[in-house]
Amino acid sequence: MKKASKSDQQKPRVARAYRRVSHEESASTRLGLDSQKAQIEEWAESNGVTIVEWYEDSPLSGATPVDQRDGLSALLNDIQPGEALIIANLSRLARSVLIHAEVEQVLQSSGCQLISTAGEGTGKTSSSNMMFKGIQVLMSAVEREQVRERTIAALNSLRERGVKLGTPP
């Protein structure tokens with residue numbers, strides 16, 4: 001009898017779904033959250049996976065540590081061996097390489113999988129998938145840093161033009 005290897009992991013039948021948006025506007029209109037839910041539901045239905053519970057953090061930055069995310073913390077506490085954490089794409093989980101690695105470690109030590117409905121190197125374990133996922137995680141972190149840099153530049157430009165920033169007294 002062949003011993004199962006990591007690359008032979010079976011597709012889970014049960015999963016917990018996680019959604020996150022960064023901005024208040026996305027949270028209040030629910031467009032981002034509803035879109036993520038639709039993607040996850042479509043993937044689960046086409047792959048015969050039952051979503052047993054939904055978790056979300058909104059509005060919340062992808063750079064927020066796990067222990068400051070009520071939804072993700074609860075999911076990681078609740079997930080059972082053999083289950084999967086399903087996300088719409090890797091950037092919804094984290095925009096930090098360290099946070100992503102922390103979540104992956106918890107999942108692996110719990111006998112669970114991370115699945116992105118966008119693919120992104122999740123699912124079947126292989127060296128090429130590991131590389132692709134690593135690149136995607138790194139690009140999410142780079143994108144977060146670029147947004148921060150553009151925001152700082154825009155605020156500095158406004159200040160230089162004499163625009164008063166902040167809430168008026």
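Visitor: Which side chain does the side chain of Ser91 make a polar contact with?

Guide: That would be the side chain of Asn89, at 2.5 Å. Keep in mind that this is a predicted model. Ser91 sits in helix α4, and with a relative accessible area of 10% it counts as buried, because the cut-off for that label is under 20%.

Visitor: Which other side chain is joined to Ser91 by a polar contact?

Guide: Arg92, with 3.4 Å between the two side chains. Arg92 also lies in helix α4. Its side chain does something else too: it reaches the backbone oxygen of Arg20 at 2.9 Å.

Visitor: Is Arg92 buried or exposed?

Guide: Buried, at 12% relative accessibility. Leaving aside residues up to four places away in sequence, Arg92 touches Tyr18, Arg20, Val21, Ser22 and Gln36.

Visitor: Let's turn to salt bridges. How many does the structure hold?

Guide: There are 3. When you read one, look at the pair of atoms, then at where the partners sit along the chain. Take Glu53 and Arg16: their closest N and O atoms are 3.4 Å apart. Glu53 belongs to strand β2 (residues 50-57) and Arg16 to strand β1 (residues 14-20), so this pair links distant parts of the chain, 37 residues apart.

Visitor: Which other residue forms a salt bridge with Arg16?

Guide: Glu83, with the closest N and O atoms 2.7 Å apart. Glu83 lies in the loop between α3 (70-78) and β3 (84-87), while Arg16 is in strand β1, so the pair ties together parts that are 67 residues apart in sequence. Put these together and you have a network of salt bridges linking Arg16, Glu53 and Glu83.

Visitor: How do I read burial in that network?

Guide: Go residue by residue. Arg16 counts as buried at 10% relative accessibility, and Glu83 is buried as well. Glu53 is partly exposed, with a relative accessible area of 35%.

Visitor: Where are the partners of the salt bridge between Glu56 and Arg19?

Guide: Glu56 is in strand β2 and Arg19 in strand β1, 37 residues apart, and here too the pair links distant parts of the chain. The N to O distance in this salt bridge is 2.7 Å. On burial, Arg19 is buried at 6%, whereas Glu56 is partly exposed at 28%.

Visitor: What separation do the C-alpha atoms of Ser35 and Arg19 have?

Guide: They are separated by 9.6 Å, with the two residues 16 residues apart along the chain. Ser35 is found in helix α2 (residues 31-46), and it is partly exposed, with a relative accessible area of 35%.

Visitor: Now the inside. Which residues have the most contacts inside the largest nonpolar core?

Guide: Tyr18, Leu72, Leu76, Leu85, Leu93, Val103 and Leu107, in a core of 17 residues. To read a core, ask next which elements feed it. Those giving two or more residues are α3, β3, α4 (90-93) and α5 (97-109).

Visitor: What does Leu93 touch?

Guide: Not counting residues up to four places away in sequence, Leu93 touches Tyr18, Arg20, Arg69, Leu72, Leu85, Ile87, His100, Val103 and Leu114. Tyr18 and Arg20 also appear among the residues that Arg92 touches.

Visitor: Which residues does the second, separate core include?

Guide: Among its 9 residues are Ala15, Val49, Ala84 and Ile86.

Visitor: And on the outside, which residues make a nonpolar surface patch?

Guide: Leu155, Val163 and Leu165 make one of about 200 Å². Leu165 is found in the segment after α6 (127-160). Why can Leu165 belong to a patch? Patch members need over 30% relative accessible area, and Leu165 is partly exposed at 36%, so it clears that mark.

Visitor: One last feature, the backbone. Which residues does a cis peptide bond join?

Guide: Ser58 and Pro59. The angle to check is omega, which is about -20 degrees here. As for location, Pro59 lies in the loop between β2 and α3.

Terms used. Residues numbered from 1 in each chain as written. Predicted model: local features only at pLDDT ≥ 70, side-chain atom pairs only at ≥ 80, totals over all residues. Heavy atoms only, no water. Patch = residues over 30% accessible without salt bridge, like charges linked within 9 Å, V, L, I, M, F, W, Y side chains within 5 Å. Areas by Shrake-Rupley, 256 points an atom, 1.4 Å probe, with all protein chains shown as cover. Salt bridge = Lys/Arg side-chain N within 4 Å of Asp/Glu carboxyl O. Helix = DSSP H or I, 4+ residues; strand = E, 2+ residues; numbered from the N terminus. Buried < 20%, exposed > 50% of the residue type's maximum accessible area, 1.4 Å probe, protein only. Core = buried A, V, L, I, M, F, W, Y, C linked by side-chain atoms within 4.5 Å. Contact = heavy atoms within 4.5 Å. Polar contact = N/O pair within 3.5 Å; in protein donor to acceptor, adjacent residues only side chain to side chain.
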